[in-house]
Amino acid sequence: MLNTLSHGAATDLPPLVIVHGLFGSARNWGVIAKRLSDVRQVIAVDQRNHGDSPWTQSHDYEDMAADLAEVIEANGGRADVLGHSMGGKAAMMLALSRPELVNRLIVADIAPVTYDHTQTQNIEAMRAVDLSRVERRSDAAQQLEAVLPDAGLRAFFLQSLDIKERRWKLNLDLLASEMPKILEFPDPGSAQFDGPTLFLSGADSDYVQRGHRDRIRALFPQARFAKIPGTGHWLHAEKPREFEAAVRTYLAATG
């Protein structure tokens with residue numbers, strides 16, 4: 001089963017399962033997960049090929065949804081699910097394929113469509129780090145700076161570097177080969193998820209466009225839409241308090 005980090009104790013409310021995006025981990029969501037655990041248990045997962053979860057031979061959304069189903073079945077059998085980016089697609093696939101497990105769905109800055117935002121260049125940047133010369137995180141940061149000018153992205157990627165073992169906690173080779181599957185969204189056929197669903201986006205992001213709404217509503221008839229001003233794709237990292245407030249308000253309002 002996936003590695004999980006739990007915050008708070010089980011209550012009479014369904015737990016909230018948080019699903020990170022590509023190159024992320026459960027630990028990336030620690031602050032938000034801990035704050036949201038004041039009223040319910042919050043369970044953040046490491047997706048397959050990330051963090052401390054197993055490395056596998058595939059990385060498609062059907063398998064990722066099955067991973068999440070296993071976690072929910074082991075924690076009461078029904079949960080609210082929040083997923084960002086790749087994690088949002090996995091959460092959507094779970095809701096469409098196993099709707100009985102999902103109470104409410106929150107999808108952060110992603111739509112059920114195929115994208116061309118390839119991340120292969122970032123995989124190559126991480127691959128380029130000579131781990132034999134890394135004694136501390138700053139050594140890897142210095143190497144990354146030569147190929148990755150964005151300081152925020154460097155800091156984010158370095159959270160997945162195991163300094164002691166001199167290895168990435170990311171299955172970079174498999175993620176590179178499976179990138180086409182990560183960018184797509186499988187055809188769910190006639191499946192729908194009829195539960196409450198929030199598509200929460202960054203106002204400055206182009207990932208969820210108005211042209212996607214017909215497709216979203218066809219799959220998620222109860223979909224509602226909200227934007228957080230002044231944020232891009234990494235809305236939960238750029239404005240964590242506003243993101244937390246939006247999630248908290250939605251969960252309280254939909255009871």
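This is a short tour of salt bridges, buried side chains and unusual backbone angles, stop by stop, in a predicted model.

**Stop one: the salt bridges**

Start by colouring the charged side chains. Side chains of opposite charge can pair when their charged atoms come close. In this model there are 16 salt bridges, and we'll visit a few of them.

Select Arg 48 and Asp 67 to begin. Their closest N and O atoms sit 2.7 Å apart, making a salt bridge. Arg 48 belongs to the loop between strand E3 (42–45) and helix H2 (61–73), while Asp 67 is in helix H2 itself, so this pair ties together parts 19 residues apart in sequence. Is the pair buried or exposed? Both Arg 48 and Asp 67 are buried.

Next, pick Lys 169 and Asp 52. Here the salt bridge has its closest N and O atoms 3.0 Å apart. This one links distant parts of the chain, 117 residues apart: Lys 169 sits in the loop between strand E7 (167–168) and helix H7 (172–177), and Asp 52 in the loop between E3 and H2. Switch on a surface and you'll find Lys 169 partly exposed, with a relative accessible area of 22%. Asp 52 is partly exposed too, at 44% relative accessibility.

Now jump to Glu 178 and Lys 181, whose side chains form a salt bridge at 3.5 Å, N to O. Glu 178 has a relative accessibility of 9%, and because buried means under 20%, it counts as buried. Lys 181, at 31%, is partly exposed.

Before leaving the charges, select Arg 35, Asp 38, Glu 244 and Arg 248 together. What links these four residues? A network of salt bridges does.

**Stop two: around Phe 199**

Go to strand E8 (residues 197–202) and click on Phe 199. This side chain is buried, with a relative accessible area of 1%. Draw a C-alpha to C-alpha distance to Ile 106: you should get 6.0 Å, although the two residues are 93 apart in sequence. Then show the residues in contact with Phe 199, leaving aside its neighbours within four places in sequence. Among them are Met 92, Val 107, Ile 110 and Pro 112, and also Ile 216, Phe 220 and Phe 225. Ala 223, Arg 224 and Ala 226 belong to that contact list as well.

**Stop three: two positive phi angles**

Most residues other than glycine have a negative phi, and most peptide bonds are trans. With that in mind, check the backbone at Phe 23, where phi is near 70°, a positive value. Where is Phe 23? Look in the loop between strand E2 (16–19) and helix H1 (30–36). Phe 23 is buried, at 2% relative accessibility.

Then hop to Asn 49, which also has a positive phi near 70°. You've been in this neighbourhood already: Asn 49 lies in the loop between E3 and H2. With 0% relative accessibility, Asn 49 counts as buried.

**Last stop: Asp 80**

Finish in strand E4 (residues 79–84) by selecting Asp 80. Asp 80 is buried, with a relative accessible area of 0%. Which side chain does Asp 80 join in a polar contact of 2.9 Å? The partner is Asn 103. Now bring up the other residues around Asp 80, again skipping neighbours within four places in sequence: its contacts include Pro 14, Pro 15, Leu 16 and Val 17, along with Arg 40, Arg 104 and Leu 251.

Notes:
Residues numbered from 1 in each chain as written. Predicted model: local features only at pLDDT ≥ 70, side-chain atom pairs only at ≥ 80, totals over all residues. Heavy atoms only, no water. Helix = DSSP H or I, 4+ residues; strand = E, 2+ residues; numbered from the N terminus. Buried < 20%, exposed > 50% of the residue type's maximum accessible area, 1.4 Å probe, protein only. Contact = heavy atoms within 4.5 Å. Polar contact = N/O pair within 3.5 Å; in protein donor to acceptor, adjacent residues only side chain to side chain.
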